[in-house]
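Visitor: I have not met this structure before. Could you walk me through it?

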Amino acid sequence: MPVISWKDEYSVGVAELDGHHKKLISMINELHLAMNSDRGQRLVKTIISEMLDYARMHFEIEEGYMRQVEYLGLLGHYREHENFVNKARDLKQRSEEGEFVLSLEVIHFLSDWLKKHILETDMKYVPLFKEKGIR
Ligand SMILES: [Fe+2]
Ligand SMILES: [Fe+2]
């Protein structure tokens, strides 16, 4: 069973950004599968690295839209993105140092972070994006 699944309530009303969130959700699930597989270690390392790159790309685009519409919550939002990047970067580094074992706790941290971030933080820009015609 996936640790996290897309739900319509996660939609921010912008197809591009929903697509990014869907991809991040599937990467967390891939990580979970890799953790439980035999050749997990190599795969875990690769997925963590890809997830870090993908999250950065997503955050950059999302922040671009927020700047474009002069969203006032940008700074706090930006800090949350930065915290995630730091966490993922730390994971990446540890995964490259051998002896690394990915725990279910980390998987849950990632999925809980994403869920909470989309529902509580990303959702806050939705009314302004709608008003400004970002879709
Ligand atoms: Fe965000
Ligand atoms: Fe987002």
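**A first walk through the model**

Guide: Let us begin with a single residue. L43 has a relative accessible area of 28%, so it counts as partly exposed. L43 is found in helix α2. Keep in mind that this is a predicted model.

Visitor: How far apart are the C-alpha atoms of L43 and L33?

Guide: Along the chain, L43 and L33 are ten residues apart. In space, their C-alpha atoms are separated by 9.6 Å.

Visitor: Is M57 buried, partly exposed or exposed?

Guide: M57 is found in helix α2. Its C-alpha atom is 9.0 Å from that of H20, 37 residues away along the chain. The relative accessibility of M57 is 30%, and buried would need under 20%. Exposed would need over 50%, so M57 counts as partly exposed.

Visitor: What length does helix α2 reach from its first C-alpha to its last?

Guide: Helix α2 covers residues 40-68, which is 29 residues. At 1.5 Å a residue, 42 Å is expected. The helix comes close to that, reaching 41 Å.

Visitor: Which residue takes a positive phi just after α2?

Guide: Look just past the end of α2. The phi there is about 55°. The residue is E70.

Visitor: How many helices and strands does the chain have?

Guide: From the N terminus on, the elements run α-α-α-α-α. The secondary structure comes to zero strands and five helices.

Visitor: What is the radius of gyration of the chain?

Guide: For 135 residues, the globule rule gives 14 Å. The value for this chain is close to that, so the chain is as compact as a globular protein of that length. Along its principal axes the C-alpha trace spans about 50 × 25 × 20 Å. The radius of gyration is 15 Å.

Visitor: What share of the residues in the chain is buried?

Guide: The chain has 135 residues. Buried ones make up 43%.

Visitor: Which residues coordinate the iron ion (ligand 2)?

Guide: The donor atoms lie at 2.1 to 2.3 Å. Along the chain, the donors follow the spacing H-x36-H-x3-E-x59-D. They are H21 (NE2), H58 (NE2), E62 (OE) and D122 (OD).

Visitor: Why is the arrangement around the iron ion (ligand 2) irregular?

Guide: Four donors count as tetrahedral if all angles lie between 85 and 135 degrees. The four donor atoms around the iron ion (ligand 2) subtend angles of 81 to 166°, which makes the arrangement irregular.

Visitor: Which residue coordinates both the iron ion (ligand 2) and the iron ion (ligand 1)?

Guide: The iron ion (ligand 1) has the protein donors E62 (OE), H77 (NE2), H81 (NE2), H117 (NE2) and D122 (OD), at 2.0 to 2.2 Å. In sequence they are spaced E-x14-H-x3-H-x35-H-x4-D. The two iron ions lie 3.3 Å apart. The residue that bridges them is E62.

Visitor: How many residues apart in sequence are the parts that E62 and D122 tie together?

Guide: E62 lies in helix α2, and D122 lies in the loop between α4 and α5. E62 is buried, and so is D122. The pair therefore ties together parts that lie apart in sequence by 60 residues.

Visitor: Is H21 buried or exposed?

Guide: Buried means under 20% relative accessible area. H21 has a relative accessibility of 1%, so it counts as buried.

Visitor: How many aromatic pairs are there?

Guide: Rings pair if their centres lie within 6.5 Å. By this rule the count is six.

Visitor: Is the pair of Y125 and F129 stacked or edge-to-face?

Guide: The rings are 4.2 Å apart, centre to centre. Y125 is buried at 0% relative accessible area, and F129 is buried at 1%. Planes under 30 degrees apart count as stacked. The planes here are 20° apart, and the pair is stacked.

Visitor: Which residues form one aromatic cluster?

Guide: Three names belong together here. They are F59, F84 and W113.

Visitor: Over which ring does the charged end of K22 sit?

Guide: Elsewhere, K87 lies over the face of F109, at 4.6 Å from the ring centre. The charged end of K22 is 4.8 Å from the centre of its ring. That ring belongs to W6.

Notes:
Residues are numbered from 1 along each chain as its sequence is written. Chains are lettered from A and ligands numbered from 1 in the order in which they are written. This is a predicted model: local features need pLDDT of at least 70, side-chain atom pairs count only at pLDDT 80 or more; totals for chains, interfaces and linings use all residues. Side-chain values use heavy atoms; hydrogens and water are left out. Helices (H or I, at least four residues) and strands (E, at least two) are DSSP runs, numbered from the N terminus. The expected span of a helix is 1.5 Å times one less than its number of residues. Donors are N, O and S atoms within 2.8 Å of the metal (3.2 Å for Na, K and Ca); water is not among the atoms, so sites may look incomplete. Four donors count as tetrahedral if all angles lie between 85 and 135 degrees; four count as square planar and six as octahedral if opposite donors are over 155 degrees apart and all others between 65 and 115; anything else is irregular. Buried means under 20% relative accessible area, exposed over 50%, partly exposed in between (1.4 Å probe, protein chains only). Rings of Phe, Tyr and Trp (its six-membered ring) pair if their centres lie within 6.5 Å; planes under 30 degrees apart count as stacked, over 60 as edge-to-face and the rest as tilted. A charge sits over a ring if NZ of Lys or CZ of Arg is within 6 Å of the ring centre and within 35 degrees of the ring normal. The radius of gyration is taken over C-alpha atoms; the globule rule is 2.2 Å times the number of residues to the power 0.38.
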